[in-house]
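Notebook open, model loaded. I want to go through the pockets before anything else, then the chain as a whole, then a few single residues.

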Amino acid sequence: MKNYILLLFVLACIAVACNDEPIGQTPVDNIPPGPVSNIKVENTPGGAILTYTLPQDEDLLYVKAVYSLKDGVTSEVRASLYKDTLKISGFGDIQERQVSLIAVDRSENESVPVTTKIIPLEPPVEIIGTTLSLAEDFGGVKATWENLTRAEVSVVILKEDHNKEFVPIQTVYSTMAVGKSVQHGLDTIPSKFGIYVQDRWENRSEIKYFTLTPIYETQLAPTKFREEHLPGDTGYDYGLKMSNIWDGLLHTSSNPLTFYHSTVDDAWPKSFTFDLGQTAKLSRLVFWQEQNDASYGPFRHGNLKKFEVWGCSTLDPTGDWASWTKLADVVSVKPSGSPYGTQTNEDLAYSAAGEQVEFSVTSPKVRYIRIKVTETWVGGHFFMIDEMKFFGDNR
């Protein structure tokens with residue numbers, strides 16, 4: 001019993017000792033580290049890259065740059081003791097700025113600030129803003145821009161409302177080097193629009209204004225679509241037939257068998273044909289890669305990377321390609337540009353919204369569609385498509 005009581009006493013003492021331990025970094029001293037030196041400045045679009053020589057203090061922890069992006073708003077960035085470079089971003093103009101570099105040790109002592117001057121180059125929003133454009137499109141307006149530095153920006157499309165105020169109707173977040181977006185579902189009447197680009201520091205380009213008249217279009221009713229099978233066309237495997245691409249259902253855990261899976265064989269390229277059930281001047285096609293494969297998903301596996309869209313008004317049962325007109329060459333582009341197997345949130349959102357294929361206004365009216373698949377994201381012996389929707393003028 002005495003041993004048991006002694007054990008309880010020892011454990012209690014240990015618990016008390018543990019509770020008395022200080023939380024966080026124990027101060028070492030109150031001596032500040034030396035300052036950084038030999039600062040060099042490389043001005044960049046909207047910022048600068050600073051390199052420097054670190055002080056020799058053994059307890060150095062990091063170096064921070066303190067600066068003002070806007071009046072009254074102080075910002076800072078940090079770099080560990082293992083680096084001699086700091087990158088500053090977020091300036092919306094090319095005015096001269098002062099930046100203070102401060103060394104900090106493990107006791108949070110700060111060195112004497114060393115101030116240097118930077119003159120940011122033209123910021124990305126201004127560069128991108130000069131390339132912004134809006135044009136009339138089927139069912140809406142099309143925005144285009146260039147972002148060669150792949151800066152993280154949002155492009156905002158505005159439309160004048162009944163109060164004569166310009167309100168946002170679409171915001172696109174993008175890092176694509178060559179960007180494009182279409183706002184559909186607009187009335188085919190002359191309207192006033194605006195467009196600007198903004199970064200995450202709320203720097204904005206000037207608004208560009210346009211008066212545009214959207215071109216008439218409607219979605220072609222998928223209930224009229226019918227499968228056709230021409231000589232040389234592929235079939236399907238695993239019960240995942242062609243008509244799944246116009247059933248209106250994306251592949252989910254509750255809809256596991258709603259995509260098209262071609263025959264698995266060595267024949268390449270692979271084609272398939274269907275009847276739209278109506279003659280129309282096509283404006284665009286929206287297609288979805290197989291979305292919900294836990295192992296692969298968009299921009300992987302047998303999803304379409306390159307394909308051709310062909311059309312005709314009268315079907316030749318021989319399958320002779322000479323009777324068809326090529327409507328589009330399509331290349332699926334991953335917005336992030338990341339390597340195979342890597343999918344960013346931007347990539348997933350882009351694919352989930354459907355990839356747009358535009359047809360020329362000079363393309364002929366067609367009733368039959370033939371898709372020729374020339375490459376998938378992984379190669380191999382088959383392809384997959386989750387869904388396709390066609391739009392145009394069928395009047």
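Started with the pockets: the largest one has a volume of about 800 Å³. For my own record, a pocket on the 1 Å grid over the protein atoms alone is an open set of points where a 1.4 Å probe fits, with protein on both sides within 12 Å along at least five of seven lines, and lining residues have an atom within 4 Å of a point. Grid points are joined across faces, edges and corners, and the volume is the space filled by probe spheres set on the points.

I counted 29 lining residues for the largest pocket, with Met176, Lys180, Tyr350, Gly354 and Gln356 nearest its centre. Two or more lining residues come from each of β11 (166-174), β12 (178-183), β20 (325-331), α3 (345-352) and β21 (355-358). Helices (H or I, at least four residues) and strands (E, at least two) are DSSP runs, numbered from the N terminus. I split the lining of the largest pocket by class and got 16 nonpolar, eight polar and five charged residues. The classes are Ala, Val, Leu, Ile, Met, Phe, Trp, Tyr, Cys and Pro as nonpolar, Asp, Glu, Lys and Arg as charged, and the others, Gly among them, as polar.

The second largest pocket holds about 380 Å³. Its lining has 19 residues, and Pro45, Lys87, Ser89, Pro124 and Ala151 are the closest to the centre. β5 (85-88) and α2 (124-129) each put at least two residues into that lining. By class I get eight nonpolar, six polar and five charged.

Notes to self on the source. This is a predicted model, so local features need pLDDT of at least 70 and side-chain atom pairs count only at pLDDT 80 or more, while totals for chains, interfaces and linings use all residues. Residues are numbered from 1 along each chain as its sequence is written, and side-chain values use heavy atoms, with hydrogens and water left out.

Checked confidence next: pLDDT (the predictor's confidence in each residue, from 0 to 100) averages 90 over the protein chain, and 91% of the residues score at least 70. Residues 1-25 stay under 50, and the model has one contact beyond four places in sequence for them. Contact here means heavy atoms within 4.5 Å. Where pLDDT is low, the predicted coordinates should not be read in detail.

Then the whole chain: I find three helices and 24 strands. The radius of gyration is 30 Å, well over the 21 Å from the globule rule for 395 residues, so the chain is more spread out than a compact globule. That radius is taken over C-alpha atoms, and the rule is 2.2 Å times the number of residues to the power 0.38.

Which residues does proline 120 touch, beyond four places in sequence? I got Asn43, Thr44, Gly46, Gly47, Phe91, Asp93, Ile94 and Gln95. Proline 120 sits in the loop between β7 (114-118) and α2, and is buried at 1% relative accessible area. The cut-offs are under 20% for buried, over 50% for exposed and partly exposed in between (1.4 Å probe, protein chains only).

Last, backbone oddities. The peptide bond from tryptophan 268 to proline 269 is cis, with omega near 0°. Asparagine 38, in strand β1 (residues 37-44), has a positive phi near 50° and is exposed at 56%.
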